[in-house]
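Biologist: I am new to this structure and would like a close look at a single part of it, a pocket. Please go through its space and its lining with care.

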Amino acid sequence: MKTRNLAHTVLASLLAASTLALATGSAGLAEDTLVPSSRVDPRDLQESKSAALPAHPKIGLALGGGGARGAAEVGVMEVLEREGLKFDYIAGTSIGSIVGGLYDAGVPLSKLHEEFESGRAMKHFMPVSLPMGIMLEPAMLCGRLFGFRSYDGLYPGIMFRKYLEKMTPADATEIQSLKTPYAAVCLNLVDGMPYMIRGGSLAKAMRASSSVPGLRKPVQYGEKLLVDGGVVCNVPVKQCRQMGADIVIAVNIDEPFSEVPLHTFRKLGSVTKRMIKWDLWSIDGPQEDLADVVIHPDTTGVTLITASRKEARRAIEAGRQAAEAALPLIREKLKGFGNSVEKTSASSTEITK
């Protein structure tokens, strides 16, 4: 009886949220808040290698997608903040857009650490378990018999949006008000092109960038329908350079891709998992080639969608270790500028060691 009542309550909430999403979805932001982008091509690499750095280069941070592995990005940021490293631009994809967006909005890293380690962040990301969501999907489809047509996806994302709005400080709800220029990277289902959300509601942008296809319903911006940017620009280095960065530090939180023995693929689901990993690896590679520094925590064994405290702690520690290992290279990249990048804007970059 309790299970049935819970299912009825969840179903009612999802239906209400879907109705609200459909009713408000068309109230998109102005077109100038969405900046077209593209995948990396050989010309990008050539231009990056041949470009001369200005006297006071702008530093960008590119935070990649990876679900619960985003906890590793918190660990990376803890080390970089400790070292006094600041950024002129922040671009994020999926969970990277959330870590980067909330950090840019002024949310302390200690708070982000707590949200990931406690499992709260991922519980809000997917408030109903995947099996429960699949079980309720037929009931959700019943609305179509009465003319109700919501966008495809198990979860409306309204509860997650409210969580993001609650996490965002009152003085930083709009992207234009952030201390550092910011972009959330998404894919537009309509034209198949990546876009950077550069203005408007921060919570809505983070939600759009992390709307995993099939799991979360897309987010409508005018005539565009946006989903997780990880399917096209999972580590947004090119997008960070497009914003104006001369030097880019990238954080890739995908599991490392390496050769595995044949017997690995006798396990159920192993082939699908391997292909997802390969797809992300093939997307990440060209973006990493565009970066000046790549920080790649070892997230092996950290599930994409989990509220496990143990896995969150492991990811945070992996992020810290990877960032510590990258510090010598970061200092080397900045060495030619007198061991510090002097202030050239309201959010300049400087490193003191």
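**The second largest pocket**

Modeller: The second largest pocket holds about 410 Å³ of space, where a pocket is an open set of points on a 1 Å grid over the protein atoms alone, reached by a 1.4 Å probe, with protein on both sides within 12 Å along at least five of seven lines, and a volume is the space filled by probe spheres set on the points, joined across faces, edges and corners. Its lining (residues with an atom within 4 Å of a point) counts 18 residues, and those closest to the centre are Glu47, Ser48, Ala51, Arg241 and Asp246. Two or more lining residues come from each of helix 2 (42-50), helix 10 (237-243) and helix 11, helices being DSSP runs of H or I with at least four residues, numbered from the N terminus. By class, this lining has eight nonpolar, two polar and eight charged residues, with Asp, Glu, Lys and Arg as charged, Ala, Val, Leu, Ile, Met, Phe, Trp, Tyr, Cys and Pro as nonpolar, and the others as polar. The model is predicted, and totals for linings use all residues, whereas local features need pLDDT of at least 70. Residues are numbered from 1 along each chain.

Helix 11 (residues 270-290) also leads to the largest pocket, where it gives the largest share of the lining, 10 residues. That pocket has a volume of about 940 Å³, and of its 36 lining residues Arg69, Asp254, Ile276, Leu280 and Leu304 are the closest to its centre. Its lining divides into 15 nonpolar, 12 polar and nine charged residues.

Methods. Predicted model: local features only at pLDDT ≥ 70, side-chain atom pairs only at ≥ 80, totals over all residues. Heavy atoms only, no water.
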